[in-house]
Amino acid sequence: MKMYLLKSSKIAKVSMPYKYAFYIHHHGAGHLTRALAIAAQLPHNEVVFFGSSLATYKDVLPEDILTIELPFDTPSDSDRDWTSSELNFLHYAPLNVKGIVNRNDLIINFFKNNNHCLLIVDVSVEIALLARLCGIPTVVVRQHGDRSDTPHSLAYESASLLLAPYAKSMAQDIEKEFMPKTFYSGGFSKYSGMSIEENSSSENQIAIFFGQGGTCFDWPLIAQIRRDLPQTSNLHILGTIQNYKAIDGVSYYGNSKDAYHILKNCGIVISNAGHNCIMELGDLRKKIICIPAERPFEEQKIKAKLLENAGVAKVVEEKDLLQANWLHIIENTKKLKIEAWEKLMNPKATFEIATQLKKLHSQLFKTLSN
């Protein structure tokens, strides 16, 4: 893995024709997973990844993709004069944080030496606007949620293209303003293209599946779900539970690298509504019980409702967990039709996204192809 750290002078020496730079938000692993899936359809020697904590994932980063590790933008102990500052046109704008200066310096130095690149932003209004102020065209990744605020509107307006990594039928009404420049790819995940025929699932095998972005699942909730289910059912836990204690009829795997083989044997999956987890379950054609987690802009609550309307999920709110009758919920979930996923998922999504990026790059930099 080629990786550049804090010394921007190293960036200045890079002279390869990088066309596609991805800014990857560090919260959870979903943004990186999405970038990897799209980058797999692009020439790796034209791709750059920006992000904090990318080194954590060095085992999955391709060697031939340039990776630029950015310092965090949060105050450190040495930032003694930092202050928070709320602005109506930015989401995050503290003062006197050295990490922000250092990361912007790295990004701008890259732009100075690669001014014919597109920046795909997943996710940060501030980075999208920084690039636009440098004259670098951006592709902004949309997310579900109430994102009608001024910062999001500025990022969307300044972008050359918006990328919605879901089906157009999953669009919200508030997306109409920028819909003409939005590419709806349909759903995709790291499981796209895998054979669904191998998906030999049983509705007596039930998984609880969650990512690294935070979750409501804990040992008392798992014990409660187990008590409500018949003895013929088995629970499979994919995700890290603090202080987990063994329970009869429950198999605990933690963050297993073998999640695919466990999930494909489960007919029903209980999950939060994080985008990548949901898309993975969509590719595996699972019936979902969705527990939307609290997230900024009500992202998961809105996504869960859209999934329920599409007929692929039942929704249980976090506030109702203690009173939930899980046997009743499971029986209702069995009535869902997995065929409804066909309209939401697109096995060619990443190829089509890459095609859009190449087309946009050619349109914006016409002289490069002459």
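A residue is termed partly exposed when its relative accessible area lies between the buried range, under 20%, and the exposed range, over 50%. In this predicted model, Glu331 has a relative accessible area of 38% and is therefore partly exposed. The residue is placed in helix α10, which spans residues 326-333. Although Glu331 and Leu321 are 10 residues apart in sequence, the separation in space, taken from C-alpha to C-alpha, is 17 Å.

A second region of interest is centred on strand β6, formed by residues 138-141, from which Thr138 and Val140 point one way while Val139 and Val141 point the other way, with all of these residues buried. In a regular strand, side chains alternate between the two faces of the sheet.

Strand β6 is paired with strand β5 (residues 118-122) in the parallel sense, over three bridges, and Thr138 in β6 serves as the bridge partner of Leu119. Between β5 and β6 the chain passes through helix α4, comprising residues 125-133, in a β-α-β crossover that is right-handed.

Strand β6 is also joined by three bridges to strand β7 (residues 161-164), and these two strands run parallel; here the bridge partner of Val139 is Leu161 in β7. Together with helix α5, which covers residues 150-158, strands β6 and β7 make a right-handed β-α-β unit. Strand β6 thus pairs in the parallel sense with β5 and runs parallel to β7, while its residues Thr138, Val139, Val140 and Val141 are buried.

Methods. Residues are numbered from 1 along each chain as its sequence is written. This is a predicted model: local features need pLDDT of at least 70, side-chain atom pairs count only at pLDDT 80 or more; totals for chains, interfaces and linings use all residues. Side-chain values use heavy atoms; hydrogens and water are left out. Helices (H or I, at least four residues) and strands (E, at least two) are DSSP runs, numbered from the N terminus. Buried means under 20% relative accessible area, exposed over 50%, partly exposed in between (1.4 Å probe, protein chains only). Two strands pair if DSSP finds at least two bridges between them. A crossover is right-handed if, with the strands pointing away from the viewer, the path from the first strand over the helix to the second runs clockwise.
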